[in-house]
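Good morning, and thank you for the time. I would like to take you through one protein model and how its parts are arranged.

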Amino acid sequence: MGNPPLFSASGAFWKVLCLVLLQKFSYNLVTTNDRKVCPYMKKFFASTLLCATLLLGPGAQAAAPILVDGVPLEQNAFAQLYHSTTYVSLRAMVEALYPDASVAWVDNQAQATDAVLSLSAQPGALYIEANQRAFFVQHGVLLDQGCTLVPVRALAAALGAQVDWDPVTGVVSVHSDAAQQPQSSYDSEILYWLSRVISAESQGEPLLGKIAVGNVVLNRVASGEFPGTVYGVIFDERWGGQFECVRNLTIYQEPTAESILAAKLVMEGADVAGDALYFLAPALTNNHWIMENRPYAMTIGAHWFYR
């Protein structure tokens, strides 16, 4: 759970170089008159990015510093870019926004708790959870030299904060003002039926496959070609019914825990199926109308998805 060491024994030269750069531009930043602050601020951030690149080592990408309510994030001065996504230390963000929170490593996952927060993030997982809500992490939670890293937008949302990005400096700013505590606020009826159709139609599918099935249901709700509610889409009787789980009554079975999780992620905006409106498992059906009449989109697990 600790943050990764910034310097190795063999990196003394880079450490000295970084300190010199930071000292130079920090001095200019605080000693110039007001008319020159902006140019020096840009130089300061440029030098910071250079230092970050050196500190993170070969193969890593550096991003601009992250500010929390205008203050550079402690213990994680330099964010990491992974698949063009800014990742940040979970511990550093939690401690900046929730100073009284306890952050610990429990059961192979990072956990942050205080009187109003219960957050968990497991390295490799495609989500984090906070106060019974679930937030999608497309490329997974990372673990780097003992430091749990999470995309800054997902983590900020889980912590009830807001994020802005400055396209000029590249600086990411996290704001806690007017932030709301992350509380479970899912529509109970939508969650009830969405989790059940995901569970019944996605037995044995990975989490991404379950999310994709949920995406199809909500895409149909929004399309105008199908009923305008989740319940209506699931129980649409046209063409003999839309879902096998309605015909064989497995729609009424209790959903699996992962299916409930997938439904929450979909309701939070997780999207892996794009604009797909149909799916099927070719190996499990003799009805290939969809394959013959709709544009192919993707395959996830055993399901083929179509627009």
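I shall begin with confidence and the overall picture, and then turn to the strands and one helix.

Please keep in mind that this is a predicted model. The protein chain has an average pLDDT of 83, and 77% of the residues score at least 70. Residues 1-60 need particular caution: pLDDT stays under 50 there, although the model has 64 contacts beyond four places in sequence for this stretch. Where pLDDT is low, the predicted coordinates should not be read in detail.

As to overall composition, the protein chain contains ten helices and 17 strands. It has 307 residues, of which 44% count as buried. The chain exposes about 15,800 Å², with carbon and sulfur atoms supplying 54% of that area. Of the contacts between residues at least 6 apart in sequence, 54% join residues at least 24 apart.

Let us now consider an open sheet. Four strands make it up, in the order β3-β2-β14-β13, and the pairing is mixed. Which strands stand at the edges? They are β3, residues 71-72, and β13, residues 162-165; each has a single partner strand, so one side of each is left without a neighbour in the sheet. Elsewhere in the sheet, β2 (residues 66-68) pairs with β14 (residues 172-175) in the parallel sense, over three bridges. Ile66 has Val172 in β14 as its bridge partner.

The next region is a run of strands joined by hairpins. β6, residues 102-106, and β7, residues 109-113, run antiparallel and are joined by five bridges. Within this pair, Val106 is matched with Gln109 in β7. Two residues lie between β6 and β7 in their hairpin, and Asp107 in the turn has a positive phi of about 50°. β7 also runs antiparallel to β8, residues 118-121, with four bridges joining them. Here the hairpin connection passes through four residues, and Thr113 stands opposite Ser118 in β8.

Finally, I turn to helix α6, residues 207-223. Why does its length agree with expectation? At 1.5 Å a residue, its 17 residues should span 24 Å, and the end C-alpha atoms are 24 Å apart, so the two values agree. Many positions of α6 are buried, among them Leu207, Ile211, Val213, Val216, Val217 and also Lys210, Asn215 and Arg220. After α6 comes Gly224, whose phi is positive, near 85°.

That concludes my presentation, and I welcome discussion.

Conventions:
Residues are numbered from 1 along each chain as its sequence is written. This is a predicted model: local features need pLDDT of at least 70, side-chain atom pairs count only at pLDDT 80 or more; totals for chains, interfaces and linings use all residues. Side-chain values use heavy atoms; hydrogens and water are left out. Buried means under 20% relative accessible area, exposed over 50%, partly exposed in between (1.4 Å probe, protein chains only). Contact means heavy atoms within 4.5 Å. Accessible areas come from the Shrake-Rupley method with a 1.4 Å probe; for residues, only the protein chains shown count as cover. Two strands pair if DSSP finds at least two bridges between them. The expected span of a helix is 1.5 Å times one less than its number of residues. pLDDT is the predictor's confidence in each residue, from 0 to 100.
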